[in-house]
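Please open the model in your viewer and keep the sequence panel beside it. The tour below suggests what to select at each stop and says what is found there.

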Amino acid sequence: MLQLNNTILNSIRFVVFLALQILLFNNINLFGYLNPYPYILFVLLYPVNSNKSILLISSFALGILLDMFANSGGIHAMASLVLA
């Protein structure tokens, strides 16, 4: 039961962080050139005891989806994999 709750919680975090990044934070430019990237919180908040391969796959998926929407050429996928 606990594993199911973690899976559901991580799935919700994935969708929420991706949606917030695409819809809100990509449009914010602090001081003209700084963009906030809170999507990395998905990797940081992932439970330590959980499956590491799922973390790597979901981090890559988060990064590559963000790259597709931001047209950034793979830099977010690489950064999220390194962080994971």
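## A loop residue to begin with

Begin by selecting Asn71, which sits in the loop between helix 3 and helix 4 (75-83). Bear in mind from the outset that this is a predicted model. With a relative accessible area of 70%, Asn71 counts as exposed, because the cut-off for that word is over 50%. Its backbone also deserves a look, since phi of Asn71 is near 55°, a positive value in a residue other than glycine. As a general background, most residues other than glycine have a negative phi.

Now select Phe31, which is placed in the loop between helix 1 and helix 2. Phe31, although it is not a glycine, has a positive phi of about 55°. Phe31 is exposed as well, with a relative accessible area of 74%.

## Helix 4 and its buried face

Move on to helix 4 and colour His76, Ala77 and Ser80, which are the buried residues of this helix. Where do the buried residues fall when helix 4 is seen down its axis? They lie within an arc of 100°, so they line one face of the helix. If you then ask your viewer to display what covers these buried residues of helix 4, you will find that the cover includes helix 2 and helix 3.

## The nonpolar core

Next, select the largest nonpolar core, which has 11 residues: Phe14, Phe17, Leu18, Ile22, Tyr39, Phe42, Val43, Tyr46, Leu55, Leu62 and Leu66. The elements that give two or more residues to this core are helix 1, helix 2 (41-44) and helix 3, and the largest share, four residues, comes from helix 1.

Within this core, centre the view on Tyr39 and show its surroundings. Setting aside residues up to four places away in sequence, Tyr39 touches Phe17, Gln21, Leu62, Leu66, His76, Ala79 and Ser80. Two of the names in that list, His76 and Ser80, can be recognised from the stop at helix 4, where they are among the buried residues.

## Two residues of helix 1

From Tyr39, pass to its contact Gln21, which is placed in helix 1. Is Gln21 buried or exposed? At 0% relative accessibility, Gln21 counts as buried. When its neighbours within four places in sequence are left aside, Gln21 is in contact with Asn26, Pro36, Tyr37, Pro38, Tyr39 and Leu66. If you draw a distance from the C-alpha atom of Gln21 to that of Ala70, which is 49 residues apart from it along the chain, the separation is 9.6 Å.

Val16 is also found in helix 1, and at 40% relative accessibility Val16 counts as partly exposed. A distance drawn between the C-alpha atoms of Val16 and Lys52, 36 residues apart along the chain, comes to 21 Å.

## Tyr46 and the pocket

Now select Tyr46, a member of the largest nonpolar core, which is placed in the loop between helix 2 and helix 3. Tyr46 is buried, with a relative accessible area of 10%. Leaving out its neighbours within four places in sequence, you can display its contacts with Asn10, Arg13, Asn51, Ile54 and Leu55. The C-alpha atoms of Tyr46 and Met78, which are 32 residues apart along the chain, are separated by 18 Å.

Tyr46 also leads to the last stop, the largest pocket, where it is one of the residues that lie nearest the centre, together with Asn6, Thr7, Asn10 and Ile54. This pocket has a volume of about 170 Å³ and is lined by 12 residues. Which elements give two or more residues to the lining of the largest pocket? They are helix 1 (2-23) and helix 3 (52-70), and the largest share of the lining, six residues, comes from helix 1. If you finish by colouring the lining by residue type, it divides into four nonpolar, eight polar and no charged residues.

Notes:
Residues are numbered from 1 along each chain as its sequence is written. This is a predicted model: local features need pLDDT of at least 70, side-chain atom pairs count only at pLDDT 80 or more; totals for chains, interfaces and linings use all residues. Side-chain values use heavy atoms; hydrogens and water are left out. On a 1 Å grid over the protein atoms alone, a cavity is a set of points where a 1.4 Å probe fits but cannot get out, and a pocket is an open set with protein on both sides within 12 Å along at least five of seven lines; lining residues have an atom within 4 Å of a point. Grid points are joined across faces, edges and corners, and a volume is the space filled by probe spheres set on the points. Ala, Val, Leu, Ile, Met, Phe, Trp, Tyr, Cys and Pro count as nonpolar, Asp, Glu, Lys and Arg as charged, and the others, Gly among them, as polar. A nonpolar core is a set of buried Ala, Val, Leu, Ile, Met, Phe, Trp, Tyr and Cys residues joined through side-chain atoms within 4.5 Å. Buried means under 20% relative accessible area, exposed over 50%, partly exposed in between (1.4 Å probe, protein chains only). Contact means heavy atoms within 4.5 Å. The arc is that of the directions from the helix axis to the C-beta atoms.
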